[in-house]
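Student: Please take me through one part of this model in close detail. I would like a connected account, starting from a single residue and working outward.

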Amino acid sequence: MATPHFDDIRRDALAACADQPEVRTALARQHIAVTGGTGFLGSWIAELVAALNDQYQLGITLDLYARNIGEWQRNYPHLAARADLRTVAQDVRSPFEFARNTSYVIHAAGIPNNRVHASDPLRVFQTSVTGIANALEAALQLDGLRRFVNVSSCLVAGAPQRPGALAEGDCFPLPPDQPHTVYAEAKRAAEMTAAVYRSQYRLPVSTLRPFTLTGAYQRLDRPWAINNFMRDVLTSGEIRLHGDGSARRSYLYGSDAAWWTLCALIKGADGEVYNLGGATPVSHKELVQLIGDDLSPRPRVTFNTAPQRQPKQDDLFPDLSLTRRRLGVQETCTMAHLIEQTYRWLARAGA
């Protein structure tokens, strides 16, 4: 039986998919495979497929491929025990196969955690580059493949250091031979690998570039700013910002991110890239104020905790014009709801 918190997740999932009945119809009785399936996006896709099947009797089946599945199965038995969902233990760095009846593939394997970028850059690179090559080779064996969606990263665009939103065609230089850029370079190479397979083998490949995604299924120890701020509140009652709070990000809740990904399966076009993120930029200063609005006592906020850092333009949020036009999607989760649900999830995780 679902807990009240997972009931909230179910409501969010159903709200995300409510306005596109044509996509729901196209997904009916399809078999979807997700690599990196026990991560944030894969977990939300599992929630969304479960909601679609229960609410609309769509008969979708889902395979989640991941290196470590045991912990996920123990933590989320309401998903792991479902007959329409299967977990498959698989490291994408090794060759593998998809189930023969797979019609859609979402390749979401990757290691966005920048702490691992520093400690194990080779695994980061191999997971993205070797991983997508293995997934594409497996997809080549599918007679009924309708679309392969590569989940890339907004970081492939480089560091803009200029104000404003990033469009899919924007590109800025990355310094070569810098281990701290290994994830961006690996995702860039993965996009090229996907383009080669699309060109040479006519695979129906589209790409999503996520920006900041948040909500339930986030991990408290992940080094994203919103996680850091909430962890600060939970552990000390104080929020510490390294800079002056002017850096701007936007935030997309997990239910919307999962639904947009499923829409890309149905509406995506060969070779196209779509941004995946929130539309409204929020500065870190504004974010900590929003986090504090519903807390009592209100957390203290300390700025410039790393004064040696030189101030710079730091905007990283998407232009969603193409995504909205092609996929017909919209955000269904307000910023206030996003913050509330994310804080509740992380508070439980840290309990």
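**From one serine to the sheet**

Tutor: Leaving aside neighbours within four places in sequence, S283 touches G245, S246, A247 and R248. This is a predicted model, so read each contact as a computed one. S283 itself sits in strand β12, residues 282-283. Its relative accessibility is 10%, so S283 counts as buried, the cut-off being under 20%.

Now the sheet. Seven strands make up an open sheet, and their pairing is parallel. The order runs β3-β2-β1-β4-β5-β6-β11. The edges are held by β3, residues 85-89, and β11, residues 273-276. Each has a single partner strand, so one side of each lacks a neighbour in the sheet. On average, neighbouring strands here are turned by 20° against each other, direction ignored.

Strands of a sheet pair through backbone hydrogen bonds, either parallel or antiparallel. Take the β3 edge as the example. Strand β2 covers residues 61-66, and five bridges join β2 to β3. The two run parallel. Within this pair, D63 stands opposite R86 of β3.

Next, a helix on the sheet. Helix α10 spans residues 254-267. It lies across β1 (31-35), β4 (104-107), β5 (147-151), β6 (205-210) and β11. Against β4, helix α10 runs at about 135°.

What about the cysteines? The whole structure was searched, and zero disulfides turned up. Consider C17. Its closest cysteine sulfur belongs to C263, at 9.1 Å, too far for a bond. A disulfide needs the two sulfur atoms within 2.5 Å. C17 is buried, with a relative accessible area of 0%. C333 has C17 as the residue with the closest cysteine sulfur, 14 Å away, again too far for a bond. C333 is buried too, at a relative accessible area of 13%.

Last, the annotation. An unreviewed UniProt entry places "domain: NAD-dependent epimerase/dehydratase" on residues 32-277. In the model, this span is 40% helix and 17% strand. The C-alpha atoms at its two ends lie 22 Å apart.

To pull the threads together: S283 is buried in β12, in contact with residues including G245 and R248. The open sheet is parallel in its pairing, with β3 and β11 at its edges. Helix α10 lies across five of its strands, β1, β4, β5, β6 and β11.

Definitions and conventions:
Residues are numbered from 1 along each chain as its sequence is written. This is a predicted model: local features need pLDDT of at least 70, side-chain atom pairs count only at pLDDT 80 or more; totals for chains, interfaces and linings use all residues. Side-chain values use heavy atoms; hydrogens and water are left out. Two strands pair if DSSP finds at least two bridges between them. Helices (H or I, at least four residues) and strands (E, at least two) are DSSP runs, numbered from the N terminus. Axes are lines fitted to C-alpha atoms, for helices over the stretch in contact, and angles run from 0 to 180 degrees between N-to-C directions. Contact means heavy atoms within 4.5 Å. Buried means under 20% relative accessible area, exposed over 50%, partly exposed in between (1.4 Å probe, protein chains only). UniProt positions are given in the numbering used here, feature names are shortened, and annotations may be inferred rather than shown by experiment.
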